[in-house]
Amino acid sequence: MGSRQQDGRRGTDLDGGRPPGVGENEPVEIAILLVLLAVVVIAGEALSERLGAPAPLLLTVVGIALSFVPGVPEIHLEPEIVLIGLLPPLLYTASLSTSLVDMKANLRPIMLLSVAAVLVTMVAVAVVVRALLPDVGWPVALAIGAVVAPPDAVAATAVGRRIGLPRRVVSVLEGESLLNDATALVALRTSIAAMAGGVSAGGVAGDFLLAAGGGVLVGLLVYRVVAWVRRRLHDPLLDTAVSFVTPFAAYLLAEAIHASGVIGVVVAGLLLSHRSSTLQSAQGRITESTTWRTISFLLENVVFLLIGLQARWIVEDLSGSDLSVGTIVLVPVAVLATVIAVRLAWVHLTRPLLGSRLGDRREPAGAAQTTLIGWAGMRGVVTLAAAFILPVDTPYRDLLLLVALTVVAGTLLLQGLTLPALTRLLGVRPPDPADDALARATLLQQAATAGLARLEELETTDTVEVARTIRQRLDQRTFAAWEQLSTTEGRQTPSDAYAELRRAMIEAERERILHIRAKGKVPSPVVRQVLGMLDLEESMIDSSASAREDIRATGSDGHLQCPELRAYPIGPAAPEPRCELCAQEGREVVALRQCRECGHVGCCDSSAGQHASAHFHETGHPVMQSAELGESWRWCYVHHLAT
């Protein structure tokens, strides 16, 4: 990061300059500038929550506005800082949150977008630039096409997840944007080499093969080394420290052999994330996840702020140009329109090939989701950084920098701001919290069944009481997951009561611990450890409560299927459902379930009587339907599945 030189040179120098008032021996001012960037990012995030606008878009606008405020230093995004300092950790944190299973399921659409679409966009932009600037050679036109072709991983994930795009759309965008930078950077490197001559078709193909194959091999190598190290580490802090080194090691090693550092980072990150359950301890995974979430938050949002801060100096560098105002406006706008139109056309032309693989079958891509994938092609920091790689003597270089800025800001603001409205217009539903809760409860139920089977194998006469306690805790966890599906207002479930009472207890426990700490009689590390245990328990309670509130705000049916559930579809509810056994025993009923075969109504397992489950064990009738008002899901006792 630097600023425009004050000796008359333009701000495209790769060695960078310093903001006004910042000298060679004055690092304090640089530190203050970095702190101010962080403060603006935090304030922008807080404001975005109040306004209901995605923070990346708001920070881009704020950056553009600040760049024209007198006294604000001119900050240049230098390619070395972005490509080596920012891109590896951003790619790594994105790959940690990306599912390798989803990547494999969407591999064909991801490759069509991350490779083919980038190359098609590059050529289309080159044709437009050549038409508007006839004296620009093909290598230069292809270079700017490569610069603006790849959608950005940061923009796709930050905007797409924030507004609630469907999971398949997000998976495709994540996978595409993790890999398309590699295609674009290799194409840019080849185009720049072509400016000097001596590039052959065989050389271009060789560059792409080396970039892809070398990147994959480096990623696999780094994964193997880090996995070997992690198996021998037991300290979560050391484990997290290793993760800090990983993206930079993968990127630099790949670039050192002229392979794709982007692919190296992505492959290493995906594999380490996929195998984290066997390579890391639970505490190590929690520490790494929390740390990288913080890093991701700061880096992602600082990047969008920095993008906006480039506006003033790029525009000012064109002020002395011989180009007409019409050309200065027309070329960037035409390129912006081209990248948007080409992507939309490409995804719809290749729509039959954009389906996802689900097991042995392929699910076709719908027109609405295809349109969303096409419209969600926001560009980001890599486009600007790549533009600065263009040699200083490149014809129309200042105009090409403005083109890059226009495409980045234009796609972020135009597509990012309209994406929520387009999603609603197309009738595409975001991920449903109720579906997630249903899948979560089903998964926990199946896991609990496996755990109980193992417990029966290990149980002895000496561990009967311990086993009973374990079963009770396992039941409590499973029941709590199913109770999240109950959307009945005004009735407190056992989990709600537990959360309310336990929060009050934790507050009292914490106050007592702090009182003891003030006396200084207990070692501080012990106090911190106990407080951390309370914090972890409280956060789990809060997470469960938040999930239930999300479900109550939406509510829907699940989609898991089994033969029994298909055989017993949703039927009419009992007019006045009640659990007769609970009434006879004088028990309070938490939630009612109705047998789909005989109509018997009983209380769920969260109630003390557990009469619905008792009915299944007595009769073997496999499917129970919720008898609660506003609920229509069913549960199969045979396969522990729900829909």
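## Burial, packing and strand pairing in a predicted model

Of the 643 residues of the protein chain, 47% count as buried. The structure is a predicted model, and the secondary structure of the protein chain comes to 25 helices and seven strands. Among the contacts in the chain with a separation of 6 or more, 76% are accounted for by residues 24 or more positions apart. The accessible surface of the protein chain comes to about 30200 Å², and 62% of this area belongs to carbon and sulfur atoms.

### Helix 6 and the nonpolar core

Helix 6, which spans residues 138-148, is mostly covered, since eight of its eleven residues are buried. The buried residues of this helix are V140, A141, A143, I144, G145, A146, V147 and V148. They pack against several other helices, namely helix 5 (107-132), helix 8 (167-195), helix 15 (325-349), helix 17 (381-389) and helix 18 (397-425).

Three residues of helix 6, I144, V147 and V148, are buried and return in the description of the core. The largest nonpolar core has 113 residues, and those with the most contacts inside it are V129, I144, V147, V148, V262 and V335. Helix 18 gives the largest share of this core, with twelve residues. In soluble globular proteins, nonpolar side chains tend to be buried together.

V335 illustrates the contacts of one such residue: when residues up to four places away in sequence are not counted, V335 touches V125, V129, V148, V403 and V407. Of these partners, V129 and V148 are themselves listed among the residues with the most contacts inside the core.

A143, one of the buried residues of helix 6, can also be related to A194, a residue that lies in helix 8. The two alanines are 51 residues apart in sequence, and their C-alpha atoms are 9.4 Å apart in space. A194 counts as partly exposed because its relative accessibility is 25%, which lies between the cut-offs of 20% and 50%.

The model also contains aromatic pairs, and their count comes to three. Ring pairs link Y92, F244 and W292 into a cluster.

### Loop residues between helices

Three residues in loops are set side by side below, with the location and the relative accessible area of each.

| Residue | Loop | Relative accessible area |
|---|---|---|
| D235 | between helix 9 (201-230) and helix 10 (236-256) | 35%, partly exposed |
| H258 | between helix 10 and helix 11 (261-274) | 55%, exposed |
| Y396 | between helix 17 and helix 18 | 25%, partly exposed |

D235 is found in the loop that precedes helix 10, and a polar atom of the D235 side chain lies 2.9 Å from the backbone nitrogen of L237. D235 also has a partner far along the chain for comparison of positions, as D235 and G284 are 49 residues apart in sequence while their C-alpha atoms are 7.3 Å apart in space.

The backbone of the other two residues carries positive phi values in residues other than glycine: phi of H258 is near 65°, and phi of Y396 is near 60°. H258 counts as exposed because its relative accessible area is 55%, whereas Y396, with 25%, is partly exposed.

### Strands 3, 5 and 6, and H615

Strand 5, residues 623-626, pairs with two other strands. With strand 3 (residues 592-595), strand 5 pairs in the antiparallel sense over three bridges, and within this pairing R593 stands opposite S626. Strand 6 (residues 634-636) also runs antiparallel to strand 5, to which it is joined by three bridges, and here C636 is the bridge partner of V623. The side chains of strand 5 alternate in direction, with V623 and Q625 pointing one way and M624 and S626 the other way, and all are buried.

M624 is also in contact with H615, a residue of helix 25 (residues 611-619). Is H615 buried or exposed? H615 is buried because its relative accessible area is 8%, which falls under the cut-off of 20%. Leaving aside neighbours within four places in sequence, the contacts of H615 are C595, C598, H600, G620, H621 and M624. Among these partners, C595 belongs to the residue range of strand 3 (592-595) and M624 to strand 5, and H615 therefore touches residues from both of these paired strands.

How values were computed: Residues numbered from 1 in each chain as written. Predicted model: local features only at pLDDT ≥ 70, side-chain atom pairs only at ≥ 80, totals over all residues. Heavy atoms only, no water. Helix = DSSP H or I, 4+ residues; strand = E, 2+ residues; numbered from the N terminus. Buried < 20%, exposed > 50% of the residue type's maximum accessible area, 1.4 Å probe, protein only. Contact = heavy atoms within 4.5 Å. Phe/Tyr/Trp six-rings, centres within 6.5 Å; stacked < 30°, edge-to-face > 60°. Core = buried A, V, L, I, M, F, W, Y, C linked by side-chain atoms within 4.5 Å. Polar contact = N/O pair within 3.5 Å; in protein donor to acceptor, adjacent residues only side chain to side chain. Areas by Shrake-Rupley, 256 points an atom, 1.4 Å probe, with all protein chains shown as cover. Pairing = 2+ DSSP bridges.
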